[in-house]
Amino acid sequence: MTTVEIPALIPGTVVLDEHVAARASWSAVVGAGDVLTIVDLAGNQAVDCLLYSAADTGVRYSAPETIRRQGRITLTTGSVLRADTGAALMTVVADEVGVHDTLGGACSKESNTLRYGQHTRAQHGCLDNFLLEGSRHGLDARDMASNINWFMNVPVDPDGALGIVDGLSGPGKRVALRAEIDTLVLVSNCPQINNPCNAFDPTPVRMIVTRPRASEATGINPGGRP
């Protein structure tokens, strides 16, 4: 596959620029005011994500608090990603897709066997990736929490059922997140092959962290609370 070289959504000094292989995990601390751009290189790839305060990993992303504060279940530009304390961890400052999931959760051997059958039990899942990557930062199963699914489309049917359908992303589409505090970001580049979230074929993604110049800062002062 040919790698598509696409710049960060928010320009600035490049602090980090890494590719995450299909099915792999990744982590980094994004400093307050810096911006993480996630690039969906091939399109229709789900990127599961957990967020923690780098200073205190007991402060972590909360889907219920984020949804309650913003009054909608999907994420896009302007969404503030909040901890269970209500504190702002990161803010979506630019988005080329428009819909990102907060409800679908992370795939695991338990959810795979429930949804798709016992023959999937040995398949690697996002929970495995999170536990592996989290262990590098002193995290374990007790520290797992609700996660974001970037680029994933999970509509809610009128009866309340969740559907996992083709994503709305495409090759080279990007979403950019500004850190409001020093934030530990864990990513599982989802290995799921049983539903359309990855077009049944997991592909690499790219993670770019930039430090915007003052003239390029968006919205809120770095480190400030929206």
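# Briefing: two antiparallel sheets and their surroundings

At the start of helix 1 in this predicted model, a side-chain oxygen of Ser62 comes to within 3.1 Å of the backbone nitrogen of Glu65. The model contains an open sheet of four strands, ordered 2-9-4-7 with antiparallel pairing, and an open sheet of six strands, ordered 1-10-3-8-6-5 and likewise paired in the antiparallel sense. The points below treat helix 1, each sheet in turn, and the loop residue Arg142.

**Helix 1**

- Helix 1 spans residues 63–70, and its buried residues are Ala63, Glu65, Thr66 and Ile67.
- These buried residues pack against strand 5, which covers residues 80–82.
- Strand 5 is itself an edge strand of the six-stranded sheet.
- Glu65 therefore appears in two roles: it is one of the buried residues of the helix, and its backbone nitrogen is approached by the Ser62 side chain under the 3.5 Å limit for a polar contact.
- Gly71 follows helix 1 and has a positive phi, near 75 degrees.

**The four-stranded sheet**

- In the order 2-9-4-7, the edge positions are taken by strand 2 (25–30) and strand 7 (148–150), each of which pairs on one side only.
- Neighbouring strands of this sheet are turned against each other by 25 degrees on average, with direction ignored.
- Helix 3 (residues 126–135) packs on the sheet and touches strand 2, strand 4 and strand 9 (183–189). The direction of helix 3 makes about 140 degrees with that of strand 9.

**Strand 4 and its partners**

- Strand 4 (residues 47–53) runs antiparallel to strand 7 and is joined to it by three bridges.
- Across this pairing, Val47 has Trp150 as its bridge partner, and Asp48 stands opposite Asn149.
- With strand 9, strand 4 pairs over seven bridges, again in the antiparallel sense. Within that pairing, Ser53 stands opposite Thr183.
- Strand 4 is mostly covered, seven of its seven residues being buried.
- The burial extends to both faces of strand 4. Val47, Cys49, Leu51 and Ser53 are buried on one side, while Asp48, Leu50 and Tyr52 are buried on the other.

**The six-stranded sheet**

- Strand 1 (13–20) and strand 5 stand at the edges of the order 1-10-3-8-6-5. Each has a single partner strand, so one side of each is left without a neighbour in the sheet.
- The average turn between neighbouring strands of this sheet, direction ignored, is 20 degrees.
- Strand 3 (residues 35–40) and strand 10 (residues 205–211) run antiparallel and are joined by six bridges.
- In this pairing, Leu36 has Val209 of strand 10 as its bridge partner.

**Arg142 in the loop after helix 3**

- Arg142 lies in the loop between helix 3 and strand 7.
- The relative accessible area of Arg142 is 72%, so the residue is classed as exposed, the cut-off being over 50%.
- The side chain of Arg142 makes a polar contact, at 2.8 Å, with the side chain of Asp140.
- Arg142 and Leu131 are eleven residues apart along the chain, and their C-alpha atoms are separated by 9.9 Å.

Technical notes: Residues are numbered from 1 along each chain as its sequence is written. This is a predicted model: local features need pLDDT of at least 70, side-chain atom pairs count only at pLDDT 80 or more; totals for chains, interfaces and linings use all residues. Side-chain values use heavy atoms; hydrogens and water are left out. Two strands pair if DSSP finds at least two bridges between them. Axes are lines fitted to C-alpha atoms, for helices over the stretch in contact, and angles run from 0 to 180 degrees between N-to-C directions. Contact means heavy atoms within 4.5 Å. Buried means under 20% relative accessible area, exposed over 50%, partly exposed in between (1.4 Å probe, protein chains only). A polar contact is a pair of N or O atoms within 3.5 Å; within protein, one must be able to donate a hydrogen and the other to accept it, and residues adjacent in sequence count only if both atoms are side-chain atoms.
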